[in-house]
Amino acid sequence: MVDPEPRHRQRRTRGEHVVSRRYPIGRAVRRLPMLGWLVLVWLLLWGTYDPGTAFFGIVVGVLVIWFFPAPPIATDIRLRPLRLGQLVLFLAWDLVVSTGRVAFEAIVRGPRVRASIVAVTLVTDSDHLMAMVANAVSLAPGNFVLQIDRANRICYVYALGAGEHATERVRREVLGWERRVVHAVGTGEQVRMVDRNHRSEVG
Amino acid sequence: MSWLDLFSAVCLIAGAVSCLFGAIGLLTFPDVAARLQAATKPQTLGLVLILLGSAVHLEVRYASGLILVGLFQAITAPVLAQLVGRAAYRAGSVRRDTLDADHLARRIEHERGRTL
């Protein structure tokens, strides 16, 4: 059928690859961010910041990673702190605006509220980005992702308070979230992809 | 009354109002998917505001734990909404007559036609 070389290359361009079992040290290093996160959660939970707590945090973190191994997938996420900050601020702002919108719908329309389920095809092709976009869309009231078709990169989004032009509006909103997420954590290639798509949409 | 008290009061009241809107939506919306919006989302904003309002009055080391509460709420609420929404849709609890467009139904119809 397909010879292994092109398929391998295709995998790499998608930005994800399975961590090999043959390199235990590399595997351990890739789990360090996870360990750091677990230790941070441990410290925040205790509310005491001293070496002793940190030590037991590391012990518990190692045990957690040992007994509940996450799927061994690495991804080349590029963190851009400034853009990430913008994304968080925008999420917070959207949360406030959409809460107001849903409150309006609840009080004024109530039982006569209209909604739509809209299929949106994303531009980029990555598990992590898709999960983050779905989460960003679903965080604010009014919209949430009902179903994801990962293979075809389609999100089925339920949107409350939809009108005549709901389909187009929801599509633009979701693609806007994708653009912000990709700008915050995507690779250079993915950023170019969403920007190109954005330019062609705008005109 | 200091500025801190004022800030805290505004946050707490705004948070409580946000939760109230959620409760109103829960009563007035017609089906599971719409109620889900009211039940999960304004609560997120309400909780974050209430946490913020109380955090400014706590010592830093106690307040830092509240970051986790807000963070986990923000991460888990959408996942929960997706799972419940999806189950409700499959179980037919989303009222089709409230929908202006339904691309998912078209897709499922299409797939059924192909497999039969």
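**Notebook: chains A and B**

I began at the strand contact between the chains and found A:Ile117 standing opposite B:Asp102, a residue of β1(B). The model is a predicted one, and I keep that in mind for every entry below.

Entry on the strand pairing. I looked up how β1(B) is attached to chain A, and two bridges join it to strand β3 of chain A, residues 115-121, with the two strands running parallel.

Entry on the fold of chain B. I counted its secondary structure as four helices and one strand, and, reading along the sequence, I wrote the order down as α-α-α-β-α. I then checked the overall dimensions: the C-alpha atoms of chain B fill a box of roughly 70 × 30 × 15 Å along the principal axes, and the radius of gyration is 20 Å, where a compact globule of 116 residues would have one near 13 Å. Of the 116 residues in chain B, 30% are buried. I also looked at contact range, and among the contacts of chain B with a separation of 6 or more, 68% are between residues 24 or more positions apart.

Entry on the interface. I find 36 residues of chain B in contact with 37 residues of chain A. On the chain B side, α1 (3-28), α2 (32-55), α3 (60-90), β1 (99-102) and α4 (103-115) each supply at least two residues, and α3(B) gives the most, with 13 residues. Sorted by class, this side of chain B has 19 nonpolar, 11 polar and six charged residues.

Entry on the nonpolar core. Which residues have the most contacts inside the largest nonpolar core? I noted A:Val133, A:Val137, A:Leu146, A:Val157 and A:Val181, in a core of 55 residues. The core draws on both chains, with at least two residues each from α5 (81-109), β3, α6 (127-139), β4 (143-149), β5 (154-160) and α7 (166-185) of chain A and from α2 and α3 of chain B. The largest share, nine residues, comes from α2(B). I followed A:Val157 further and, leaving aside its neighbours within four places in sequence, found it in contact with A:Val118, A:Val120, A:Val137, A:Asn143, A:Val145, A:Leu146, A:Val170 and A:Val174.

Entry on the annotation. I looked up the UniProt record, an unreviewed entry, which places the feature "transmembrane region" at residues 32-49 and 55-75 of chain A. I checked residues 32-49 of chain A against the model, where the chain is 83% helix and 0% strand over that stretch, with the end C-alpha atoms 20 Å apart.

How values were computed: Residues are numbered from 1 along each chain as its sequence is written. Chains are lettered from A and ligands numbered from 1 in the order in which they are written. This is a predicted model: local features need pLDDT of at least 70, side-chain atom pairs count only at pLDDT 80 or more; totals for chains, interfaces and linings use all residues. UniProt positions are given in the numbering used here, feature names are shortened, and annotations may be inferred rather than shown by experiment. The radius of gyration is taken over C-alpha atoms; the globule rule is 2.2 Å times the number of residues to the power 0.38. A residue is buried if 20 or more other C-beta atoms lie within 10 Å of its own, exposed if 12 or fewer, and partly exposed in between; C-beta atoms are placed from the backbone. Two residues are in contact if their C-beta atoms, placed from the backbone, lie within 7 Å. Ala, Val, Leu, Ile, Met, Phe, Trp, Tyr, Cys and Pro count as nonpolar, Asp, Glu, Lys and Arg as charged, and the others, Gly among them, as polar. Two strands pair if DSSP finds at least two bridges between them. A nonpolar core is a set of buried Ala, Val, Leu, Ile, Met, Phe, Trp, Tyr and Cys residues joined through C-beta atoms within 7 Å.
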